[in-house]
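Trainee: I would like a close look at one part of this model, taken slowly and with the geometry spelled out.

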Amino acid sequence: MSKQVADQADGLRRLLAPAPTRVIAVAGMARGAGATTTTMNIAAALVLQGKNVLLLDQHAARAGSVCAQWAIDALGTWTDVAQHRLRCAGAAVATGSGVHVLPAPPDPAVATSDPREFYPSGAILIDAAIDDEGRLLPLAQMADELVLVLQPTPSAVTAAYAGIKRLHYAHALKQARLIFNGVRDADAAQQMLTNLVNTGSRHLAVSLQDGGLVRADPHQADARRLYQTVVEAFGTSPAAVDFRRIADELWRSPWRSKVLRSRAAEQGHRIVDGAIDAAHAASHPAAAFQGCSF
């Protein structure tokens, strides 16, 4: 076989091979930031792009969870799947949007189980919970991409900076994507988002990326009353357009390594980063926000 034919055959095999699963964790930087609805809308938008999507719901037992907002009941949980009591296809429930949802309440028994083993192709979105100490739960720590959702207000941005700092020291966080939700003044929100990205990247050595803005949209409330996402129910509304664009950019972005460093490296990085941060704060107590108009 000639080299040209061999190269063509290898390229065809890569083209036809199933794409590996991409794991995306979405977390809110404050209660009411809209992380759950953001996760649901991104998931629905990815399905519209032809992706297979599994959504793991870490807030399953709470009011306002994914399961509650879609008015669905799964036959099993992530624990059932990880412990091989049920297959993923049998435990998850399919929504009208085409997203498959699986409740994933915290369970130490499956803390090290990798969801990629049970959903080998497509996207896994995690509606991620953050504990009282500002840490991601183990399932979300396996994500390839971390998306943080916040509201476009000065107090929310200040709190988000503190939350990113806690995530950085808890997990040696390397990178995250930021989304502003409920935006009424796009220019002002974009300036705040740019300032936060620049400040966090400069002072925390965390690669923060502008994940986009989602405009305030009354159709979101209408969609919730229909137990749907705004992407499903009102696909041409401002928020739906924003969610579709965010989902497209998120999927097209370069594939990242896991957002968290290995556990073996965490402690060493935490000590070094903590020392650097303490020294910087002592000499420049207000430097983190100097020149930034949040």
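Are Trp78 and Phe118 buried or exposed, and what surrounds that part of the chain?

Mentor: Bearing in mind that this is a predicted model, Trp78 and Phe118 are both buried. With ring centres required to lie within 6.5 Å of each other, the count comes to one aromatic pair. That pair is formed by Trp78 and Phe118, whose ring centres are 5.5 Å apart and whose planes make an angle of 85 degrees; since an angle over 60 degrees counts as edge-to-face, the arrangement of Trp78 and Phe118 is edge-to-face. Trp78 belongs to helix H4 (residues 78–82), whereas Phe118 lies in the loop between E4 and strand E5 (123–127), so the contact ties together parts that are 40 residues apart in sequence.

Strand E4, which precedes that loop, deserves attention in its own right. E4 (residues 100–103) runs parallel to strand E2 (residues 53–57), to which four bridges join it, and within this pairing Asp57 stands opposite Pro103. E4 is also joined by two bridges to strand E3 (residues 93–94), this time in an antiparallel sense, with Val93 opposite Val101 of E4. The hairpin made by E3 and E4 has five residues between the strands, and in this hairpin Gly98 adopts a positive phi near 100 degrees.

For another ring with a neighbour of a different kind, one may turn to Trp251, over whose face Arg22 lies, at 5.5 Å from the ring centre.

Conventions
Residues are numbered from 1 along each chain as its sequence is written. This is a predicted model: local features need pLDDT of at least 70, side-chain atom pairs count only at pLDDT 80 or more; totals for chains, interfaces and linings use all residues. Side-chain values use heavy atoms; hydrogens and water are left out. Two strands pair if DSSP finds at least two bridges between them. Rings of Phe, Tyr and Trp (its six-membered ring) pair if their centres lie within 6.5 Å; planes under 30 degrees apart count as stacked, over 60 as edge-to-face and the rest as tilted. Buried means under 20% relative accessible area, exposed over 50%, partly exposed in between (1.4 Å probe, protein chains only). A charge sits over a ring if NZ of Lys or CZ of Arg is within 6 Å of the ring centre and within 35 degrees of the ring normal.
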